[in-house]
Structure formats: structure tokens, C-alpha cells
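Welcome! Take a moment to look over the sequence and the 3D view before reading on.

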Amino acid sequence: YHNYLVSFGNQRVYRTGRDWSNPEELFAFGTRSPARLSLTYEPAAAALWVGGFGSGLVERYSLTGDLLGSFQVAPRFVSGLAFDEADGTLWM
């Protein structure tokens with residue numbers, strides 16, 4: 001098991017141990033806009049859902065950084081995401 005996080009400061013996605021130790025960079029967003037703030041993991045697909053800060057953009061990425069899809073929501077500040085594996089619900 002791992003923890004996943006997005007660093008708002010440097011716009012990179014990391015995987016850590018269960019105790020948040022040994023961070024490993026998975027990929028960087030680089031200059032791709034918008035700034036990302038929230039992240040949740042979808043275990044069955046080994047995918048990450050990422051929320052944009054100030055844009056309302058929600059994106060789905062593979063663990064290697066490939067964009068798998070996206071959609072727009074309101075309000076524009078997606079500051080928290082959670083994925084319910086039991087029924088496939090993405091909570092914002």
C-alpha cells in the first residue's frame with residue numbers, strides 16, 4: 001500500500017510508504033495549467049484523480065502521468081477529492 005500526494009508548490013505527484021516515508025516522484029505537471037491541489041487514488045484502475053485549484057478542472061491520470069480524461073465542474077475550487085472504491089463514486 002502507498003499514499004499519493006500532489007505538491008501544490010512544485011506541481012509534482014509523489015508516492016510514499018504508508019507512513020508517508022520515502023517519497024518517490026511519479027510525474028510532474030510542469031507548465032501544464034491549471035495548478036493542481038487535490039488528489040485521490042482509484043485502486044482498481046491504478047489511476048489518480050486530480051483537482052485543479054481555481055479552474056474547476058478534474059483530471060484522471062495513470063501512475064506514469066498519462067492523461068486519461070478530464071471534466072469541468074463548478075465551483076472552480078476543487079480543494080478535496082475522495083474515491084469510493086465500493087461504488088465508484090468520486091467525491092468533491
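Is Y61 buried or exposed? With a relative accessibility of 1%, Y61 counts as buried, because anything under 20% falls in that class. Please keep in mind that this is a predicted model.

**Aromatic rings**

Y61 is a good way into the aromatic side of the story. A pair of aromatic rings is described by the distance of the centres and the angle of the planes. The model holds seven aromatic pairs, and two that involve F27 are set out here.

| Pair | Type | Centre to centre | Angle between planes |
|---|---|---|---|
| F27 and F29 | edge-to-face | 5.5 Å | 85 degrees |
| F27 and Y61 | tilted | 5.5 Å | 35 degrees |

F27 and F29 are both buried, and for F27 the relative accessible area is 6%. What does the pairing of F27 with Y61 tie together? F27 belongs to strand β3 (residues 24-28) and Y61 to strand β6 (residues 57-62), so the pair links parts that are 34 residues apart in sequence. Elsewhere, one aromatic cluster is formed by F8, F53 and F77.

**Around E59 and R36**

F29 has another partner to look for: the charged end of R36 sits over its ring, 4.1 Å from the centre. R36 in turn leads to E59, since the side chains of E59 and R36 make a polar contact (2.9 Å). The side chain of E59 also makes a polar contact with the side chain of Y61, at 3.1 Å. E59 is found in strand β6 and is buried, with a relative accessible area of 5%. Leaving out residues up to four places away in sequence, E59 touches R36, L48, W49, V50, L67, G69 and S70.

**The nonpolar cores**

In soluble globular proteins, nonpolar side chains tend to be buried together. Which residues make up the largest nonpolar core here? There are ten: Y4, V6, V13, L26, F27, F29, L39, L48, V50 and Y61. Two or more of these residues come from each of β1 (3-7), β3 and β5 (47-52). Y4, a member of this core, is in contact with Y14, R15, W20, L26, L39, Y41, L48 and L63, not counting its neighbours within four places in sequence. Another core, of seven residues, lies apart from the largest one and includes V58, L81, F83 and L90.

To trace the picture yourself, start at F27: it pairs with F29 and with Y61, and these three residues are members of the largest core. From Y61, the polar contact leads on to E59, and from E59 another leads to R36, whose charged end brings you back to the ring of F29.

Terms used: Residues are numbered from 1 along each chain as its sequence is written. This is a predicted model: local features need pLDDT of at least 70, side-chain atom pairs count only at pLDDT 80 or more; totals for chains, interfaces and linings use all residues. Side-chain values use heavy atoms; hydrogens and water are left out. Rings of Phe, Tyr and Trp (its six-membered ring) pair if their centres lie within 6.5 Å; planes under 30 degrees apart count as stacked, over 60 as edge-to-face and the rest as tilted. Buried means under 20% relative accessible area, exposed over 50%, partly exposed in between (1.4 Å probe, protein chains only). Helices (H or I, at least four residues) and strands (E, at least two) are DSSP runs, numbered from the N terminus. A charge sits over a ring if NZ of Lys or CZ of Arg is within 6 Å of the ring centre and within 35 degrees of the ring normal. A polar contact is a pair of N or O atoms within 3.5 Å; within protein, one must be able to donate a hydrogen and the other to accept it, and residues adjacent in sequence count only if both atoms are side-chain atoms. Contact means heavy atoms within 4.5 Å. A nonpolar core is a set of buried Ala, Val, Leu, Ile, Met, Phe, Trp, Tyr and Cys residues joined through side-chain atoms within 4.5 Å.
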